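Happy to go through this one with you. Let's set each label beside the rule behind it.

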Amino acid sequence: MKGYAGKLLRVNLTTGAIGSVELKPEVARKYLGGRGLAARILFDEVPAGADPLGPENKVVIGAGPLANSKIPGSTRYIVCTKSPLTGGWGDAHAAGALGPMIKKAGFDAIIIEGSSPKPVYIYVNNGSAEIRDASHLWSMETGACRDQIITETNPGAEVAAIGIAGENLVPYACVISEYNRAAGRSGTGAVLGAKKVKAVAFYGEAQLEMADPEKVDRIRKQMILDINNSPACQGFRTNGTANGVAPHNALGMYPAYNFKEGVSDNIDLVSGETMTRTILAKREACPNCPVFCRRIVKVDSGPYASDSRYGGPEFETIGSLGTCVGIYDLAAITKANELCNKFGVDTINVGLSIAWAMECYEKGILTKEDTGGLDLTWGNVDTVLYLIEAIAKRQGLGELLGKGLKVASEIVGKGSDAFAMQVKNQAFPVHMPRGKIGQGLSFATSNRGACHCQGTHDTNMEAGKIMPDIGFDEKFKGLSRLTKEHKAELEKLAQDMRGWQDSLIACRFVSWDYGPTTPATFAELLNALTGWDVTPKELMEIGERIFNLCRMFNVREGMNRKDDTLPARCGESLPRGATAGSVITKEDLNRLLDEYYELRGWDNNGIPTPEKLRSLGL
């Protein structure tokens, strides 16, 4: 099957059985790969009510049809499972060299099932696989684990590993590849830890068979030209994702002090421009990508000296482990980022959990007696660094904070849920719903909990970006980020678009609405790879199918309208800045949900109707 490896690897840790099955062409056409294929597998094979940390749960690690094509932005991989954090659909993405290597190793995805009685790692090598003992790797940091596995396998292998947070079953533990590529959200690392899987390594030399390789090459060359001429991509190249820190602050919507504020007077201390000027050592890129968005920074002296291999902090981490906890020191934030990557824990959930605890401390809800003597005043770097390790090891206050914000605030009570910035127990990314109303709706309705990757940013429409061939028509052009008008339709379209983007898998930074590559180009590219005749309209239908399938995964676990919420803080005006006065009250959200559900063809409780499911072939 052109454009695909055509095989799925299945590894049963309970029995030790390893085998492969054909990826049927009709399944590939209907779900593409990545998130879509994983959703079909997990919905079919993980029973309702399964314990996320039990042997009935499964993990799918996969690539998409773009992987191994040498197309810019084609290097992402995805890890999908039933989330121990939310109890529902879970997925996490990362970029780098591992996505292409999955296909080079001979498979489109690996399905990991059952559980091992002892630590193991899985080695996938040129169309075959084996389960190896990992007792000597257990308790290793992610980087050391990667180095050792490469020594034991192949110098060209790529490794996805968990750290001690995954071993300790922290519900938001993640998977790390290449030291600093984090598949961060949903607690995928905890599920692997429960299965006693320390890592999965891939090596292969297979070439991708394409229907029209000359056309693929022509598209690739044009994409490179377009990317090099794209102002957005140039910004990512110059200052990384942190290029957005100062502009968001200028709009009054870069969160500080647990989302109490959207403006920091000293934002220049932690901006992307400052990182570039002071601690940037090197820019790195994924294979075949001209963007070079990854930061390698150098902090080799002082109290926060760190290992540069673990990378520089991204936009999200500068907020979650910087401004949201009151830290305005790039060296300290870099150290916090390093610890999270070493221990294998999501920087967003860690930072927002600590920020919530600091606000509880400020309000007297938590005292030193509750914290084990820790001083949780804003900006206390030593406390933040201590708590990262305590969360990973589930020690002291770290045990509470590692449970996720919804659970922690229910345990503590005293009204602390009002400022626990989470949806479905997944912590907010550092985007301000009060400043991006549509994104607030997307946070509430995302299948994996609060998520900035399954919708669009209202600022894109405000800047005039539209794409009529997939429904983003003239009514969205220039639409204010603060209006509630048309936002239900906007996010419905965006979530459907992300469904197929996350299944190809296509990097956000080269794809419209971030970058220059249009849906029409992706359809053309997919057809050149596979020999199909997909249109942009069909891509949107595929994306809608995938989004609804993930929604039904959650419905089967008891989720509905009651779970599509936002914390009370979103209904409070910010004290100053360009976003002050903009709110999403509970009544606002209910009106948006009514409109959104109707557009989706769901009932008033947020459940897809049988008619809708039939229309999508589900």
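The questions below take up cysteines, a helix, strands and cores in turn.

This is a predicted model, in which local features need pLDDT of at least 70, side-chain atom pairs count only at pLDDT 80 or more, and totals for chains, interfaces and linings use all residues. Residues are numbered from 1 along each chain as its sequence is written, and side-chain values use heavy atoms, with hydrogens and water left out.

Q: Why is Cys145 called buried?
A: Buried means under 20% relative accessible area, exposed over 50%, and partly exposed in between (1.4 Å probe, protein chains only). Cys145 has 0% relative accessibility, so the buried label applies. Cys451 is buried too, because its relative accessible area is 1%.

Q: How do you know that Cys451 has no bond to the closest cysteine sulfur?
A: A disulfide is a pair of cysteine sulfur atoms within 2.5 Å. The closest cysteine sulfur to that of Cys451 belongs to Cys453 and is 4.8 Å away, so the pair is too far apart for a bond. By this rule the count is 0 disulfides. Cys145 is likewise in no disulfide, with its nearest cysteine sulfur, that of Cys174, 13 Å away.

Q: What makes the buried residues of helix 17 lie on the same side?
A: Helices are DSSP runs of H or I with at least four residues, strands are runs of E with at least two, and both are numbered from the N terminus. In helix 17 (residues 405–412), the buried residues are Leu405, Ala408, Ser409 and Val412. They share a side because they cover an arc of only 95° around the axis, where the arc is that of the directions from the helix axis to the C-beta atoms. Glu410 and Ile411, on the other side of helix 17, are exposed.

Q: What covers the buried residues of helix 17?
A: The cover includes helix 13 (347–362), helix 16 (397–401), strand 15 (422–423) and strand 16 (426–427), with contact meaning heavy atoms within 4.5 Å.

Q: How do you know that strand 3 and strand 4 pair?
A: Two strands pair if DSSP finds at least two bridges between them. Strand 3 and strand 4 (residues 77–82) have 4 bridges, in the antiparallel sense; the partner of Val59 in strand 4 is Thr81. Strand 3 is also joined to strand 6 (residues 109–113) by 4 bridges, again antiparallel, and there Gly62 has Ala109 as its bridge partner.

Q: What makes both faces of strand 3 covered?
A: In strand 3 (residues 59–62), Val59 and Ile61 on one side are buried, and so are Val60 and Gly62 on the other.

Q: Why are strand 8 and strand 11 called edge strands?
A: The open sheet has 6 strands in the order 8-7-12-9-10-11, with mixed pairing. Strand 8 (128–133) and strand 11 (181–183) each pair on one side only. For strand 11, 3 bridges join it to strand 10 (residues 175–177), including one between Ser177 and Arg181.

Q: What is the largest nonpolar core?
A: A nonpolar core is a set of buried Ala, Val, Leu, Ile, Met, Phe, Trp, Tyr and Cys residues joined through side-chain atoms within 4.5 Å. The largest such set has 88 residues, and Val350, Ile354, Trp356, Ile388, Phe428 and Leu566 have the most contacts inside it. Helix 13 gives the largest share of this core, 10 residues. A second, separate core of 57 residues includes Met467, Ile470, Leu526 and Trp532.
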